[in-house]
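The following report describes the fold, the packing and selected residues of one protein chain. It is intended to be read alongside the coordinates.

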Amino acid sequence: MTRDLTRSFGAATAVDGVDIEVRPGEIYGFLGANGAGKTTTMRMLLGLTAPTRGRATVLGRPAGDPKALARTGVLIEEPALYPYLSGRDNLRAMGRYTAVSAERVEQVLETVGLTDAAERRVATYSLGMRQRLGVGMALLKDPELLVLDEPTNGLDPAGVVHMRNMISSFAAEGRTVLLSSHALGEVDQICDRVGVLADGRLVAQGSVAEIRGEGALLVHASPTPAAADLLGARFGRDNVHLDPGGIAVRVDPALAATVNRVLVEAGLEVSALAWRERTLTDSFFELTAATTGSSR
């Protein structure tokens with residue numbers, strides 16, 4: 001949880017008054033374009049960067065508190081790995097600092113799907129395998145909270161699916177996951193709640209369904225301006241807008257026949273009607289469209 005969390009670097013404000021709440025046992029998607037301030041926020045949550053203003057608590061303790069960190073697994077940016085050691089030896093080396101058993105190392109290798117490649121040098125691993133090993137390091141302490149920064153970055157489609165399934169399994173085990181990402185399609189599929197960061201500010205927070213919003217009936221009719229005006233007068237101008245794919249009308253899908261009749265009776269030509277569900281991507285671009293800022 002954060003309250004008014006702010007971080008400035010000289011005259012530039014990277015994170016500006018952010019209030020987020022991550023609930024126990026959920027997958028929380030922290031969304032934003034590159035440079036939006038996601039990584040800076042996560043570094044403050046972990047005590048790696050001090051806030052300029054505001055506060056953060058993690059697992060009920062101040063950010064950076066050793067007792068909270070002992071219950072937290074972290075993958076921030078690219079994992080720091082020893083390329084000339086095997087995957088297993090990388091985990092063993094990390095395990096020495098976290099006092100985990102050899103048995104736990106083997107459990108983690110199995111969880112992240114690297115048992116068969118455990119003796120190979122990490123220098124021979126693909127990007128996806130290195131990302132999975134980084135997640136394995138975050139899992140070593142059997143943490144309550146996982147903080148994962150762009151875990152699917154650079155992965156091929158198969159690697160993305162594997163990572164998605166792993167993250168879902170962590171929540172099924174009762175862990176809380178804070179997932180930073182700009183892969184909106186993936187977040188849409190696995191997250192319970194999301195926060196949208198734009199230019200350092202939190203512009204929306206809620207369940208995926210709440211952020212995504214309602215779908216719309218997509219209408220192709222001509223002449224388009226006359227059709228849009230007529231539908232706006234009938235169904236409310238706030239519920240009708242021009243869309244790159246036609247005229248979007250936010251009504252119950254059961255009213256499709258009514259929409260068609262209104263247009264036809266007015267002498268307008270209707271070529272298509274189709275229901276379109278809104279996506280998280282649609283909402284994300286609407287929420288962040290008005291913001292600008294430099295890279296953070």
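The pLDDT is the predictor's confidence in each residue, on a scale from 0 to 100. The model considered here is predicted, and its average pLDDT is 90, with 98% of the residues scoring at least 70. Over residues 292–296 the pLDDT stays under 50, and the model has twelve contacts beyond four places in sequence for this stretch. Where pLDDT is low, the predicted coordinates should not be read in detail.

**Overall organisation**

The secondary structure of the protein comprises eleven helices and 14 strands. Its C-alpha trace spans about 75 × 45 × 30 Å along the principal axes. Of the 296 residues, 45% count as buried. Among contacts between residues at least 6 apart in sequence, 69% join residues at least 24 apart.

**The four-stranded sheet and its helices**

Four strands form an open, antiparallel sheet in the order β12-β13-β11-β14. Its edge strands, each pairing on one side only, are β12 (240–243) and β14 (269–276). On average, neighbouring strands of this sheet are turned by 30° against each other, direction ignored. Helix α9 (residues 224–235) packs on the sheet and touches β11, β12 and β13 (246–249); the direction of α9 makes about 5° with that of β13. Helix α10 (residues 256–265) lies across β11 and β14, running at about 160° to β14.

Strands of a sheet pair through backbone hydrogen bonds, either parallel or antiparallel. Two antiparallel pairings of the protein, one of them within the sheet above, are set out below.

| Strand | Partner | Bridges |
|---|---|---|
| β11 (residues 216–222) | β14 | seven, antiparallel |
| β9 (residues 193–198) | β10 | six, antiparallel |

In the pairing with β14, Ala216 stands opposite Arg276.

**The β9–β10 hairpin and Ser207**

Strands β9 and β10 form a hairpin with two residues between them, and Asp199 in the turn has a positive phi of about 55°. Ala198 stands opposite Arg201 in β10. Ser207 also belongs to strand β10, which covers residues 201–207. Is Ser207 buried, exposed or partly exposed, and why? Its relative accessibility is 22%, so Ser207 counts as partly exposed. Leaving aside neighbours within four places in sequence, Ser207 is in contact with Asp192 and Arg193. Asp192 is 15 residues from Ser207 in sequence, while their C-alpha atoms are 5.9 Å apart.

**Nonpolar cores and helix α1**

The largest nonpolar core has 43 residues, of which Leu31, Leu91, Ile167, Val177 and Cys191 touch the most other members. Beyond four places in sequence, the contacts of Leu31 include Lys38, Ser181, Leu184 and Val187, as well as Val194, Gly195, Val196, Leu197, Leu280 and Phe284. Apart from the largest core lies another of 18 residues, among them Ala14, Tyr28, Leu45 and Leu145.

Helix α1 (residues 38–45) is largely enclosed by the rest of the structure, because six of its eight residues are buried. The buried residues of α1 are Lys38, Thr40, Thr41, Met42, Met44 and Leu45. Two of these recur in the description of the cores: Lys38 is in contact with Leu31, and Leu45 is a member of the core of 18 residues. Just after α1, Gly47 takes a positive phi of about 80°.

**The aromatic pair**

A pair of aromatic rings is described by the distance of the centres and the angle of the planes. With ring centres required to lie within 6.5 Å, the count comes to one aromatic pair. The rings of Phe284 and Phe285 have centres 5.5 Å apart and planes at 80°, so the pair is edge-to-face, the angle being over 60 degrees. Phe284 has a relative accessibility of 7% and therefore counts as buried, whereas Phe285, at 51%, counts as exposed. Phe284 is also one of the residues in contact with Leu31.

**Pro143**

Pro143 lies in the loop between α5 (127–139) and β7 (145–149). Because its relative accessibility is 2%, Pro143 counts as buried. Not counting residues up to four places away in sequence, Pro143 touches Arg71, Thr72, Gly73, Ala138 and Arg175. Between Pro143 and Ala248 there are 45 Å in space, C-alpha to C-alpha, and the two are 105 residues apart in sequence.

Notes. Residues are numbered from 1 along each chain as its sequence is written. This is a predicted model: local features need pLDDT of at least 70, side-chain atom pairs count only at pLDDT 80 or more; totals for chains, interfaces and linings use all residues. Side-chain values use heavy atoms; hydrogens and water are left out. Buried means under 20% relative accessible area, exposed over 50%, partly exposed in between (1.4 Å probe, protein chains only). Contact means heavy atoms within 4.5 Å. Rings of Phe, Tyr and Trp (its six-membered ring) pair if their centres lie within 6.5 Å; planes under 30 degrees apart count as stacked, over 60 as edge-to-face and the rest as tilted. Two strands pair if DSSP finds at least two bridges between them. Axes are lines fitted to C-alpha atoms, for helices over the stretch in contact, and angles run from 0 to 180 degrees between N-to-C directions. A nonpolar core is a set of buried Ala, Val, Leu, Ile, Met, Phe, Trp, Tyr and Cys residues joined through side-chain atoms within 4.5 Å.
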